[in-house]
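Biologist: Before relying on the terms applied to a structure, I should like to hear the reasoning behind each of them. Could we go through them in turn?

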Amino acid sequence: METVSENKCFDGMQGVYRHASDACACDMTFGLFLPAEAKDGPVPVLFYLSGLTCTHENAMTKAGAQQWAAEQGIALVFPDTSPRGEGIADHEMYNLGTGAGFYVNATQEPWAKNYKMWDYVAEELPRLLVNNFAIDEERQSICGHSMGGHGALTIAMAYPGRFASVSAFAPITHPSASDWAKKPIHAYMGEGNVDWTRHDASLSLRANGFDGPILVDQGTGDQFIDALMPEALAAAITETRHAGIIRMQKGYDHSYFFVSTFMEDHIAFHAEALYG
């Protein structure tokens, strides 16, 4: 584990760390905010999965999450969105390759060697955090934006009892019915090989359910709203009668101005579940 940087932040510590990943077969970088309470013992943790083209830095520097996490005594984890570096497969399309891992395990060439973001986020990184930092293994929640919202929702639904709550900002909710999102996932996993009940939140909720509460914020002015399909997740929540809230926020777009506006609400939502 290499410490890239550490900065005092709201009486806690915002760190950036790099390590050799077995899942992705390359070095991976992540951000970790530890509140002041971590000096006295393990604290609850919230994973934040970023969207297309992002690194670990985007949410870490733009979302304003540390202030609210410090107030609640919660750690924040900001993983990268894909493997990176020399020899890592990439593509000219912005929604495939570097910065666009889609939180799946790739099985197709040239992606299969490194693009194992599901295993990295759901398995390897949580173990590494618990083993090296004051993180409470029993109290975890997960959140994400856009592609990261897709990852947060699907991972949460696939691991019963793991996450106390899940939330998302403008998530991709129904990729099996959205050509824009379906194409890169097919590229990673092969057309006809995708288990959509695992990688489509609207289908996964119907098939697998989720043990905790769900919160989703979606801007009505989002330029990608047709591809995100929030109505599909709303229908799944209604049909399954799950404890979920979808808020359509008038005029907000897809940017971090939108995310930062409602970040306090999301941190408080997860704090209630983590401490409840």
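The exchange below sets computed values against the cut-offs behind the terms.

Modeller: Please bear in mind that this is a predicted model.

Biologist: Why is Arg-18 called partly exposed?

Modeller: The relative accessible area of Arg-18 is 27%. Partly exposed covers the range between the 20% limit for buried and the 50% limit for exposed, so Arg-18 belongs there.

Biologist: What makes the pairing of Arg-18 with Thr-29 a polar contact?

Modeller: The two side chains meet at 3.5 Å, and the cut-off for such a pair of N or O atoms is within 3.5 Å. Arg-18 itself is found in strand S2, residues 12-21. Leaving aside neighbours within four places in sequence, its contacts include Met-1, Glu-2 and Asp-27.

Biologist: Is Ser-176 buried or exposed, and how do you know?

Modeller: Ser-176 has a relative accessibility of 18%. Buried means under 20%, and therefore Ser-176 counts as buried. Ser-176 lies in the loop between strand S7 (163-169) and helix H5 (179-189). Beyond four places in sequence, Ser-176 is in contact with Lys-182, Trp-196, Asp-200 and Leu-203.

Biologist: How do you know how many disulfides there are?

Modeller: A search of the whole structure finds 0. A disulfide requires two cysteine sulfur atoms within 2.5 Å. For Cys-24, the closest cysteine sulfur is that of Cys-26, at 5.3 Å, so the distance is too far for a bond. For Cys-143, the closest is in Cys-54, at 13 Å, which is likewise too far.

Biologist: Why are Cys-24 and Cys-143 called buried?

Modeller: Cys-24 has a relative accessible area of 0%, and Cys-143 has one of 1%. Both values fall under the 20% limit, so both residues are buried.

Biologist: What makes the span of helix H10 close to expectation?

Modeller: H10, residues 256-275, has 20 residues and reaches 27 Å from its first C-alpha to its last. The expected span at 1.5 Å a residue is 28 Å, and the two values are close. H10 nevertheless bends by about 45° at Phe-262, and Phe-262 is among the buried residues of the helix, as are Phe-258, His-266 and Leu-274.

Biologist: What makes Ser-255 a cap of H10?

Modeller: A side-chain oxygen of Ser-255 lies 3.2 Å from the backbone nitrogen of Phe-257, at the N-terminal end of H10. A polar contact needs N or O atoms within 3.5 Å, so the distance satisfies that limit.

Notes. Residues numbered from 1 in each chain as written. Predicted model: local features only at pLDDT ≥ 70, side-chain atom pairs only at ≥ 80, totals over all residues. Heavy atoms only, no water. Helix = DSSP H or I, 4+ residues; strand = E, 2+ residues; numbered from the N terminus. Buried < 20%, exposed > 50% of the residue type's maximum accessible area, 1.4 Å probe, protein only. Contact = heavy atoms within 4.5 Å. Polar contact = N/O pair within 3.5 Å; in protein donor to acceptor, adjacent residues only side chain to side chain. Expected span 1.5 Å × (residues − 1). Bend = angle between axes of the 7 residues up to and from the residue.
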